[in-house]
Amino acid sequence: MLVVAVARLLGNLLRALLWPLWVCVRQLALRRVRWVEIRLGTHVVALPRARPWWHARLLRRTSLGGAGETSLDGLRLLLQACASDPAVEGILVHVPRLHAGWAECEELRSALDSLRGRGKQVVAYLPEGGGHREVYVVSAATRIVASPES
């Protein structure tokens, strides 16, 4: 019993002494974000749907919209933050089969093109290949990567 108490006391003392070092290492690790990965949902909407307050707590899912849904407004805010952050070199965008109209595809493409225009690299990944809409959206990227199966 006494041995356990002494071991806990020494462990806590060691944690207290090394805490400032741990905080510095953690801050340096958080600042090293060079690439941002974005997974678009299959459905593209202009604004996210209003959901009840308990919905986010119940699903415990964070995304640009709901499950399988991408909000253009949220995406624009994210891309503006990436463009203004000097530590971010570029973004990797996963583009699935899109269930969206041509207007939404134009908005997606212009958002990616504006980021590329500000000097950031944009890499688009098409895991399932792409139809006309997907290829149109990723044509604003600096590099396009497709899976071997597509």
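This passage describes the fold, the central sheet, the nonpolar core and the salt bridges of a single protein chain, as seen in a predicted model.

The protein chain contains five helices and six strands, and these elements follow one another along the sequence in the pattern α-β-β-α-β-α-β-α-β-α-β. Of its 150 residues, 27% count as buried. The accessible surface of the protein chain comes to about 10,400 Å², of which carbon and sulfur atoms supply 60%. Among the contacts with a separation of 6 or more, 72% are made by residues that lie 24 or more positions apart.

Four of the strands form an open sheet in the order E1-E4-E5-E6, with parallel pairing. Strand E1 (35–39) and strand E6 (143–146) are the edge strands, each of them pairing on one side only. Neighbouring strands of this sheet are turned against each other by 20 degrees on average, direction ignored. Helix H3 (residues 72–84) packs on the sheet, where it touches E1 and strand E4 (90–94), and its direction makes about 170 degrees with that of E1. In general, the strands of a sheet pair through backbone hydrogen bonds, either parallel or antiparallel.

The individual pairings can be followed across the sheet. E1 and E4 run parallel and are joined by five bridges; in this pairing, Arg 39 has His 94 in E4 as its bridge partner. Five bridges likewise join E4 to E5, and these strands also run parallel, with Val 93 standing opposite Ala 124 in E5. Strand E5 (residues 121–126) is in turn joined to E6 by four bridges, again in parallel, and here Ala 124 stands opposite Ile 144 in E6. Ala 124 thus has a counterpart in E4, namely Val 93, as well as one in E6, namely Ile 144. As for the surroundings of E4, four of its five residues are buried, so this strand is largely enclosed by the rest of the structure.

The largest nonpolar core comprises 27 residues, of which Leu 79, Ile 91, Leu 108 and Leu 112 touch the most other members. At least two residues of this core are supplied by each of E1, H3, E4, helix H4 (102–117), E5 and helix H5 (132–138). In soluble globular proteins, nonpolar side chains tend to be buried together. The surroundings of Ile 91 illustrate the contacts made by one of these core residues: when residues up to four places away in sequence are not counted, Ile 91 touches Trp 35, Val 36, Ile 38, Leu 79, Cys 82, Leu 112, Leu 115, Gln 121, Val 122 and Val 123.

A search of the whole structure finds three salt bridges. In one of them, the side chains of Glu 89 and Arg 34 meet at 2.3 Å, N to O. Glu 89 lies in the loop between H3 and E4, whereas Arg 34 lies in the loop between helix H1 (2–30) and E1, so the pair ties together parts that are 55 residues apart in sequence. Both partners count as partly exposed, Glu 89 at 31% relative accessibility and Arg 34 at 48%. Another salt bridge joins the side chains of Glu 107 and Arg 76, with a distance of 3.0 Å, N to O. Because Glu 107 lies in helix H4 and Arg 76 in helix H3, this pair ties together parts that are 31 residues apart in sequence. Glu 107 is partly exposed at 33% relative accessibility, and Arg 76 is partly exposed at 33% as well. A further salt bridge is formed by Glu 37 with Arg 39, whose closest N and O atoms are 3.2 Å apart. Of these partners, Glu 37 is partly exposed, with a relative accessible area of 48%, whereas Arg 39 counts as exposed at 58% relative accessibility.

A further arginine, Arg 116, has its place in helix H4 and counts as partly exposed at 34% relative accessibility. With residues up to four places away in sequence not counted, Arg 116 touches Val 122, Ser 139, Ala 140, Ala 141 and Thr 142. The C-alpha atoms of Arg 116 and Gly 90 are separated by 8.5 Å, although these residues are 26 residues apart along the chain.

Technical notes
Residues are numbered from 1 along each chain as its sequence is written. This is a predicted model: local features need pLDDT of at least 70, side-chain atom pairs count only at pLDDT 80 or more; totals for chains, interfaces and linings use all residues. Side-chain values use heavy atoms; hydrogens and water are left out. Buried means under 20% relative accessible area, exposed over 50%, partly exposed in between (1.4 Å probe, protein chains only). Contact means heavy atoms within 4.5 Å. Accessible areas come from the Shrake-Rupley method with a 1.4 Å probe; for residues, only the protein chains shown count as cover. Two strands pair if DSSP finds at least two bridges between them. Axes are lines fitted to C-alpha atoms, for helices over the stretch in contact, and angles run from 0 to 180 degrees between N-to-C directions. A nonpolar core is a set of buried Ala, Val, Leu, Ile, Met, Phe, Trp, Tyr and Cys residues joined through side-chain atoms within 4.5 Å. A salt bridge is a side-chain nitrogen of Lys or Arg within 4 Å of a carboxyl oxygen of Asp or Glu.
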